[in-house]
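With the model open in your viewer, please follow the stops below in order, selecting the residues as they are named.

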Amino acid sequence: MDQIKYEHVATQSRMPARDIQWVWGASAQFDDTLKTPPRLIEKVAKKRVEPIPFSRSNLFKRMVACEPTLFSNFPIRPRLNRNGLRNFSLLEELRFGFPQSARARVRTENSTNYLPVPRVLDKWIGAKSVFGVTDLHYIGTRFDACMDTAGLNDFNIVPRGTDGFQSQDSLVISSTGAVTDSHSDDHSGSNHSFVGTKLWLLWDTLEGLKHGLEDVERCAVYDRAAFDLQAFLAMRTSRWILIGPGQTMFIPADLTHKVITLQQYLGLGSFHAGLPGFVDLLKRWTRLSPLWASRSPGDERCSVDFITRRAIRRMQFLNRTFHLSDA
């Protein structure tokens, strides 16, 4: 029953107060900083990012505005086989679509282990422990070949790969109750849900720091990152997203996020640098230097200058193309 209700609530364009109270009450079972008194429900409601229909122009506009977005019908689908059919089983492709040598980084509250992908799926199906996998790269695997995820990198200006400065595509696996502490990424990001529901809390990193909300990537955090619900609601940039099966979300790089898995989750995540909104991305990197730039100081590609030059070349190419088509 909860599964059906989560899926229904996530797709609502307008979420009633009782459903908001239910979602946030469920989240507070796993993170007590999210306990929400009834008097705050109206403020919480105003911060929700509502799902909208996908179109490429909608994606472009939202990326230019650097606004978090939730799409209800984003084009992620199995590729057609030689007979023009889609013979696809998600769990089968996940179980056999990675090399036997592949290992997933499995995080629990107290430990980190590296396990074969089939074993992770068995743990996920058994639902006997709380864990999360967020960075199992699938680029170049059989799974990558059979699943069309190109839309996640639309308007992207950096090459796909597994290095920090590149566009990274990863499998996301988490069990009910898994909490990803407040953190930020140096690229913009996306997440697509095949199965399951998550609550995402989002806010501008620097505004959050001014309000006392910590970010584990930018603060010395020894337990959990400091978070206060009333401070979150008071911030101009704070938003929240409830993502469910079949939905896809995009968030700009300047947003710190805390994530709670409300229902066993299988999905895809991507990091990218999009041409729309690239000036704002440069502002972000000026205010907060990207962590990947300091991790590979000898690699010229791993620099803001390298990515900026790629953006300039892309704009010059588009400009020439536009003038040729207009001639």
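Begin by selecting Phe54, which in this predicted model is partly exposed, with a relative accessible area of 22%, and then add Phe74, which at 6% is buried. The centres of these two rings lie 4.7 Å apart and their planes stand at 70 degrees, so the pair counts as edge-to-face. Phe54 sits in the loop between strand 1 (51-52) and helix 4, whereas Phe74 sits in the loop between strand 2 and strand 3 (77-78), so the pair ties together parts that are 20 residues apart in sequence. If you extend the selection to Phe71 and Phe250, you have the aromatic cluster that these residues form with Phe54 and Phe74.

Next, move to Trp203 and Phe232, both of which are buried. Their ring centres are 6.0 Å apart with the planes at 85 degrees, so this pair too is edge-to-face. Trp203 belongs to strand 10 and Phe232 to helix 9 (residues 229-234), and the pair thereby links distant parts of the chain, 29 residues apart. In total, the structure holds 15 aromatic pairs.

Now turn to the largest nonpolar core, which has 30 residues, and select Leu94, Phe98, Val120, Val133, Phe143, Ile173 and Leu268, the members that touch the most other members. Among the elements that each supply at least two residues of this core are helix 5, strand 6 (132-137) and strand 13 (255-272), while helix 6 gives the most, with 4 residues. Centring the view on Val133, and setting aside residues up to four places away in sequence, you will find contacts with Ala104, Arg105, Val106, Val120, Leu171, Val172 and Ile173. Apart from the largest core lies another, of 27 residues, including Val9, Leu40, Leu213 and Met235.

Select Glu93 in helix 5 (residues 90-96), where a relative accessibility of 11% means that this residue counts as buried. Beyond residues up to four places away in sequence, Glu93 touches Phe88, Arg142, Phe143 and Cys146.

Finally, display the second largest pocket, whose volume is about 580 Å³. Of the 32 residues that line this pocket, Ala65, Cys66, Glu67, Pro252 and Asp254 lie nearest its centre. Helix 4, strand 2 (69-71) and strand 12 (248-251) are among the elements that give two or more residues to the lining, but the largest share, 6 residues, comes from helix 10. Coloured by residue class, the lining of this pocket divides into 14 nonpolar, 7 polar and 11 charged residues.

Terms used
Residues numbered from 1 in each chain as written. Predicted model: local features only at pLDDT ≥ 70, side-chain atom pairs only at ≥ 80, totals over all residues. Heavy atoms only, no water. Buried < 20%, exposed > 50% of the residue type's maximum accessible area, 1.4 Å probe, protein only. Contact = heavy atoms within 4.5 Å. Core = buried A, V, L, I, M, F, W, Y, C linked by side-chain atoms within 4.5 Å. 1 Å grid on protein atoms, 1.4 Å probe; cavity = no way out; pocket = protein on both sides within 12 Å on 5 of 7 lines; lining within 4 Å. Points joined across faces, edges and corners; volume = space filled by probe spheres on them. Nonpolar A, V, L, I, M, F, W, Y, C, P; charged D, E, K, R; others polar. Phe/Tyr/Trp six-rings, centres within 6.5 Å; stacked < 30°, edge-to-face > 60°.
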